[in-house]
Amino acid sequence: MIPGRFDYHQPDSLTAALTLLNDLGDDARVIAGGHSLIPMMKLRLAMPEHLVDLKAISDLKHITVKDGSISIGAMTTQAELIGSAELALSAPIVKETALQIADPQIRYQGTIGGNVANGDPGNDMPALMQCLDAEFQLSGLDGQRTVKAREFYEAAYFTARDDLEILTEIVFPVCTGGYAYEKQKRKIGDYATAAAAVLLTRGADGSCSHASIALTNLADTPIYCEDASKALMNSGIDDASIAAAVKSCLEIIDPVDDNRGPAAFKKHAAGIVLKRAIDNAWSRA
Ligand SMILES: Cc1cc2nc3c(=O)[nH]c(=O)nc-3n(C[C@H](O)[C@H](O)[C@H](O)COP(=O)(O)OP(=O)(O)OC[C@H]3O[C@@H](n4cnc5c(N)ncnc54)[C@H](O)[C@@H]3O)c2cc1C
């Protein structure tokens with residue numbers, strides 16, 4: 001399929017991009033790597049008359065680790081996340097997750113900003129960002145604001161981002177504990193049937209002093225599982241606490257029947273990937 005006709009703009013500064021968005025209004029869409037937007041345009045599910053490409057804005061591409069905090073520019077590609085030695089040391093779960101996205105060709109173009117801004121429940125980065133308790137920096141012509149990843153997603157393809165705002169940066173704390181991103185998919189390169197991001201910290205007494213769990217593609221938004229995380233805290237991550245965490249997650253997910261299987265199968269898969277992720281994260285904690 002061929003997309004509808006559109007005009008292409010390549011501003012070289014954030015202000016120029018925001019000004020274009022404001023001037024062009026509803027007819028304009030931001031494009032980053034294009035690997036979610038262009039397929040939608042080919043299917044004519046999106047028909048923007050103007051594309052505002054962020055590629056020439058160099059300020060939007062960086063990975064900075066400083067004072068216990070990691071900030072990543074929105075235009076950083078998934079391949080750059082995988083290749084960053086600094087990130088592999090300070091937040092290895094990012095590389096583990098990015099390696100499970102699509103295939104190398106898509107990861108060379110697809111950006112972290114496009115992945116989280118898109119609002120597709122099948123994307124892997126949104127749940128990871130909720131698990132990491134990341135904050136998204138949004139810029140508009142009137143200024144900047146910060147929205148937590150755990151509060152960003154409203155429904156499939158609906159987020160807290162205003163149409164005239166650009167996501168510029170993602171910020172989260174350095175990860176010191178055990179981690180795992182486990183994904184069940186039909187084949188290499190596919191979106192998740194079910195996936196789980198887990199961070200666990202082992203305290204001085206050997207029990208779990210911090211836990212964070214979030215799930216991908218098991219509802220119309222990523223799901224941060226606060227009660228399941230609490231079920232693991234202060235436990236020795238034994239069978240009973242894992243079962244309580246899994247039960248708690250299964251109660252709040254809401255998968256639908258589709259070509260990845262019936263909802264009952266997805267719930268089953270969710271329980272399995274979550275248990276695997278908890279076991280894996282604890283063994284690394
Ligand atoms: C065959 C295939 C398989 C895939 N499999 C997976 C998978 O398994 N897991 C996964 O997570 N993803 C998968 N993807 C999606 C891929 O990771 C995309 O690259 C990613 O979701 C979107 O990033 P992008 O930079 O390409 O964004 P684009 O496609 O350019 O943009 C996506 C949306 O976000 C908006 N946007 C982009 N950047 C910004 C910004 N900075 N500020 C505001 N709005 C912005 C755009 O306007 C658009 O609405 C797959 C894609 C394909 C084609």
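User: Which helix gives the most to the shell around the ligand?

Analyst: Helix H7 gives the most, with 4 residues. This is a predicted model, in which local features need pLDDT of at least 70, side-chain atom pairs count only at pLDDT 80 or more, and totals for chains, interfaces and linings use all residues. Residues are numbered from 1 along each chain as its sequence is written.

User: Why is H7 called a helix?

Analyst: H7 spans residues 112-117. Helices are DSSP runs of H or I with at least four residues, strands are runs of E with at least two, and both are numbered from the N terminus, so H7 takes its name from that count.

User: What makes a residue part of the shell around the ligand?

Analyst: Its C-beta atom, placed from the backbone, must lie within 6 Å of the ligand. The shell has 30 residues, and the closest are Ala-32, Gly-33, His-35, Gly-110 and Gly-114. At least three of the shell residues come from each of domain 1 (7-53) and domain 2 (62-173), the bounds being those of an automatic or database domain assignment.

User: How do you know that domain 1 and domain 2 touch, and which helix contributes most on the side of domain 1?

Analyst: Two residues are in contact if their C-beta atoms, placed from the backbone, lie within 7 Å. By that criterion, 12 residues of domain 1 are in contact with 16 residues of domain 2. Helix H1 gives the most to the side of domain 1 that touches domain 2, with 6 residues. The C-alpha centres of the two domains lie 19 Å apart.

User: Why are Ala-17, Leu-18 and Leu-21 of H1 called buried?

Analyst: A residue is buried if 20 or more other C-beta atoms, placed from the backbone, lie within 10 Å of its own, exposed if 12 or fewer, and partly exposed in between. Ala-17, Leu-18 and Leu-21, in H1 (residues 14-24), are classed as buried. Seen down the axis of H1, the directions from the axis to the C-beta atoms of its buried residues fall within an arc of 95°, so these residues line one face of the helix. The face turned away from the buried side carries the exposed residues Thr-15 and Asp-23. The cover over the buried residues of H1 includes strands S2, S3 (50-53), S6 (135-140) and S10.

User: What makes a set of residues a nonpolar core?

Analyst: Its members are buried Ala, Val, Leu, Ile, Met, Phe, Trp, Tyr and Cys residues joined through C-beta atoms within 7 Å. The largest such core has 79 residues, and Leu-128 is one of those with the most contacts inside it. Helix H12 (residues 263-284) gives the most to this core, with 8 residues.
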